[in-house]
Amino acid sequence: MTTPAPTVRVRDLVMTFGRTRALDGVTFDLVPGVTGLLGPNGAGKTTLLRVLATVSAGDSGSVHALGLDPRHTDQRLDLRGRLGYMPQEPGFHARFTAFEFVDYVAILKELHQRRARHQEVRRVLELVGLGPVRGKQIKALSGGMRRRVALAQALLGDPDLLVLDEPTAGLDPEQRLRFRELVSRLGEGRTVLLSTHQTEDVVALARHVMVLHLGRLRFAGAPLELAGLARGHVWQSQERDPGALAAWRTGTGQHRNIGDPPAGADLLEATLEDGYLLLLGGDQVEEAAA
Amino acid sequence: MGGPDTTGAWHADGALLDAYNDQRLDAAARWSVEAHLTSCAACRRQARALVDLARLERVRAALIDAVDVPRAGMVERLLVRLGVAEHTARLLAATPALRGSWLLAVAAALGFAVAAGWTHPGQDANLAFLGVAPLLPLAGIAVAYGPGVDPTYEIGLAAPLPSFRLLLLRAAAVLGTATLLAAAASLALPQLGPGAAGWLLPSLGLTASSLALATTIAPLRAIGITAGAWILAVVVTVMPPAPSSVLFAVTGQVAFAALALLGAAVLLVRRGRFESDRGFDTTPRFAARRLR
């Protein structure tokens, strides 16, 4: 299998807020398909996605997306016309109906011709399954529906690059399933970067995964490779193993331990989550397993 | 025209269908053709070949659009009636300031000033009115655009429509509304005489300079500083015993006209600063390119 040409190139991206280096020299490529971005809170995920969405610019380093350099005004505007962005906490004009809100964003995306714009608004609302409630005011919609409204606006104009910041936060299992179906379809031929806390989302959706921690990229590769990092480092025991980096009692009553196993340990198959926790190490594992 | 075929059944002939398709038939004939088409597969087949599919699709899209699009809100309908383009009206309808609460606050502030003018006619009341009126558009613009004010600020930044255009559009709408209301209020204060329009140039000057300042610091802070400076200037320049202020004399008015022009120029040169949260367009290289 030949690797497709990268659609996004990020080199040595640095971004600081006061003394905090939110992004500390991040370098990666994205190819068409879904890439999952994992990382604990405060890792710099949102900062990175905002830079890719051209909302802000790094202090140094370079970003090229779809062959365009957002540092140049004209190229940035071109790029904005070809990208869809769903912020972590999308705001709404609460009095607008779902239709009016998406229509409003369509105008921001400079779809001026009224009928064609309305047709596009209907298309994206149908796509996220909100066709029947398009006439409802946003304040009357449930949290899950609002997130789908936010996703719908990101799909306007069939963008080549989709940047989704924690799109599955606050969705119930059924909504999450529907979301996965949709995103996996969108990932065909498009570049989709989504940040999430849910390792399940990455397993279910992503062809590539990146782990960001304290502003640095700790891992970039296939989900199986991330799981592979924990191979031979996960074992079960009757009691919590004191030598483990982290351990918790599972539903079977056994303890699942991550770390350096003692000799003769009863090794388990490693999951992507194990690999992720092992990568973050110490405190983060305690926090995540708590 | 149509006639019976060999089996004795009546059918529409080509000429009739042509006329129907070209919309050359009168209503009665059109309805009979349509009634016949719904029941006769053979004629439907024949008619189908004549139909202009592109036109049909256009009609269908127009129909769906007319039936399906939710009715726009009051502000939007009013703006469209005033001749504002439909898409611009929707951008303006989302302005947080152009909601009832701001309009109510403006009307209340002006109402108090006018009431004071009627109950205590004199220079004090006039000055109060002239001092308050320029603050009203500032208060509106403070809640018209920007982070923390516009819920879709971030989505807007990632969209191709220049944020500067959105800001100007909304500022103009707010300024226009406040100016209309203040003008109405000055008409209600007849004893103000020719000085009644003394608030207009300060209003423009303050609005332009606060927007210009917002290219360097957060918009809300810029507006706060401008409003504070204005209040201070009014208080400091008021001269007893017959209160009047140089701000509303010729010198002051000329100064505010100059401030309006200067503010507009700075705003134009530095408009790129509104196009992202931070980072872009701040380099000297960019500024130089913009100026060229």
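In chain B, helix α7(B) passes helix α8(B) in a left-handed crossing, meaning that the near helix is turned anticlockwise from the far one by less than a right angle (clockwise would make it right-handed). Helices here are DSSP runs of H or I with at least four residues, strands are runs of E with at least two, and both are numbered from the N terminus. The model is a predicted one, where local features need pLDDT of at least 70, side-chain atom pairs count only at pLDDT 80 or more, and totals for chains, interfaces and linings use all residues. Residues are numbered from 1 along each chain as its sequence is written, while chains are lettered from A and ligands numbered from 1 in the order in which they are written.

Back to the helix pair: α7 (residues 100-119) and α8 (residues 123-132) of chain B pack at an angle of about 165°, and their axes are 8 Å apart. That angle makes α7(B) roughly antiparallel to α8(B), a label for angles over 145 degrees (under 35 is roughly parallel, 65 to 115 roughly perpendicular, and the rest oblique). Axes are lines fitted to C-alpha atoms, for helices over the stretch in contact, with angles from 0 to 180 degrees between N-to-C directions. On the α7(B) side, the contact is made by B:A109, B:A113, B:A116 and B:G117, and α8(B) answers with B:A125, B:N126, B:A128, B:F129 and B:V132. Contact means that the C-beta atoms of two residues, placed from the backbone, lie within 7 Å. By class, these residues split into seven nonpolar, two polar and no charged. Nonpolar covers Ala, Val, Leu, Ile, Met, Phe, Trp, Tyr, Cys and Pro, charged covers Asp, Glu, Lys and Arg, and the others, Gly among them, count as polar.

Chain B as a whole has 15 helices and two strands. Of its 292 residues, 35% count as buried, that is, with 20 or more other C-beta atoms within 10 Å of their own (12 or fewer is exposed, in between is partly exposed, and C-beta atoms are placed from the backbone). Among contacts in chain B between residues at least 6 apart in sequence, 63% join residues at least 24 apart.

Where chain B meets chain A, the contact takes 27 residues from chain B and 37 from chain A. On the chain B side, α4 (53-68), α6 (86-93) and α10 (153-157) are the elements giving two or more residues. That side has 14 nonpolar, seven polar and six charged residues.

Over in chain A, strand β3 (residues 33-38) has five of its six residues buried, so it is largely enclosed by the rest of the structure. β3(A) pairs with β7 (residues 191-196) of chain A in the parallel sense over six bridges; pairing takes at least two DSSP bridges between strands. Here A:L37 stands opposite A:S195. With β8 (residues 208-213) of chain A, β3(A) pairs, again parallel, over four bridges, and A:G36 stands opposite A:V209.

Strand β5 (residues 83-86) of chain A is covered on both faces, with A:L83 and A:Y85 buried on one side and A:G84 and A:M86 on the other. Four bridges join β5(A) to β6 (residues 161-165) of chain A in parallel, and A:Y85 has A:V163 as its bridge partner.

Chain A also has an open, antiparallel sheet of three strands in the order β2-β1-β4. Its edge strands, β2 (20-30) and β4 (60-65), each pair on one side only.
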